[in-house]
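Please open the model in your viewer and keep the sequence panel beside it. The stops below are given as selections, each followed by what is there.

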Amino acid sequence: MPILESRSLRLYADSLEYLDQTRLPQAEQWERCDSPEAWQLAVKRLAIRGAPLIGLSAAFVLAQYAARHPGQEDKWQWVSDRLRATRPTAVNLMYCLDALEACFAQGPAALAGRAAALFEEDRELCQRMAERGADLLVEGERVLTHCNTGALATAGVGTAIGALAVARKRGMTLHVYVNETRPLLQGGRLTAWEMADLDIPYQLIADSMAASLMAAGKVDKVMVGADRICANGDFANKVGTYMLAVVARYHQVPFYVVAPYTTVDPACATGDDIPIEQRDAAEIRGATGAFGDIVWAPENAPVWNPSFDVTPASLVTGWVLDTGVFDAAAIARGEHCR
Ligand code: MRU
């Protein structure tokens with residue numbers, strides 16, 4: 001029996017298992033994650049992904065490493081530094097590793113306890129922000145979302161998808177448009193799967209269809225997650241989010257970002273300070289998946305492949321955090337950073 005369990009993580013006394021998100025929706029395959037190296041590989045290939053989940057899984061891996069190497073704090077620090085560098089954009093990873101590093105002096109049991117507490121905390125944060133997000137939704141609304149922000153990406157109900165899940169649980173009828181989210185299709189593969197799981201009616205669209213969908217008057221709200229929210233309210237999220245925000249503003253569709261306080265980085269003054277991960281050219285030249293590899297571009301086609309983009313605060317209607325729903329004036333006063 002796992003000690004702790006979520007939709008995509010299982011913690012046992014001496015090991016960690018993750019649901020390999022690259023295999024979904026074709027297969028629900030659980031893998032053992034036994035070392036920092038195994039975690040790095042899983043995170044690099046997005047088998048473990050989503051801002052909160054990356055941080056929580058890193059905390060468990062570091063705690064287990066410390067338990068296997070007692071009294072070797074210099075090694076723990078070395079491992080923590082390696083984990084930290086694996087995906088640089090989602091600040092939840094830094095939040096979780098900072099929390100564990102603060103326990104180094106108290107020994108491995110303290111690290112394990114802290115990691116478990118972070119997991120429980122995320123579950124509660126998800127519920128709180130999801131309730132606040134659901135309060136913004138109106139019966140019958142049509143909501144467009146991007147990437148995957150649900151139970152797969154967190155320890156709880158999720159962030160933006162969490163709001164949809166809570167609204168559905170309250171008995172609300174919604175229709176969700178799911179951006180497929182090129183290049184790695186977290187929307188088409190994961191969000192579509194979660195919508196079916198949550199019994200929420202949805203339609204999958206290619207990212208390039210969002211503008212004409214809004215022009216046709218078919219979108220009432222956009223709700224997305226975030227990987228890092230700056231002091232001025234700019235935020236990084238899966239590439240394509242910025243384009244969605246621009247198009248939403250043009251069509252006067254309210255645009256909300258839903259995230260826990262652990263995604264807020266007061267040390268980042270503006271979006272210019274957020275490190276943006278660049279990924280492999282192969283993700284753009286073709287696709288890798290459960291059915292094999294396909295390449296459609298010329299073999300050496302030059303590629304630009306940022307994994308995230310930055311949406312300026314000026315395009316955001318509201319920031320939905322576990323601590324409250326903030327408008328532009330509250331963000332300008334720094335209320336989300338407290
Ligand atoms: O590259 P990914 O799949 O880890 O990117 C995920 C996103 O951008 C999510 O929108 C973000 O992490 C918020 S999820 C709760």
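Which side chain does a polar contact of 2.9 Å join to that of E277? Select R279: the side chains of R279 and E277 are joined by that 2.9 Å contact, where a polar contact is a pair of N or O atoms within 3.5 Å, one able to donate a hydrogen and the other to accept it, and residues adjacent in sequence count only if both atoms are side-chain atoms. This is a predicted model, in which local features need pLDDT of at least 70 and side-chain atom pairs pLDDT 80 or more, while totals for chains, interfaces and linings use all residues. Residues are numbered from 1 along each chain as its sequence is written, and side-chain values use heavy atoms, with hydrogens and water left out.

Stay with R279, which sits in the loop between strand 12 (264-265) and helix 10 (282-285); helices (H or I, at least four residues) and strands (E, at least two) are DSSP runs, numbered from the N terminus. R279 counts as buried because its relative accessibility is 15%, the cut-off for buried being under 20% relative accessible area with a 1.4 Å probe and protein chains only. Add K44, whose backbone oxygen lies 2.7 Å from a polar atom of the R279 side chain.

Next, select W39, F60, L62, L83, L100 and L111, the residues with the most contacts inside the largest nonpolar core, which has 40 residues; such a core is a set of buried Ala, Val, Leu, Ile, Met, Phe, Trp, Tyr and Cys residues joined through side-chain atoms within 4.5 Å. Colour helix 2 (51-68), one of the elements giving two or more residues to this core, since helix 2 supplies its largest share, 11 residues.

Finally, select V224, I229, L244 and F255, which are among the 29 residues of a second, separate core.

Notes:
Buried < 20%, exposed > 50% of the residue type's maximum accessible area, 1.4 Å probe, protein only.
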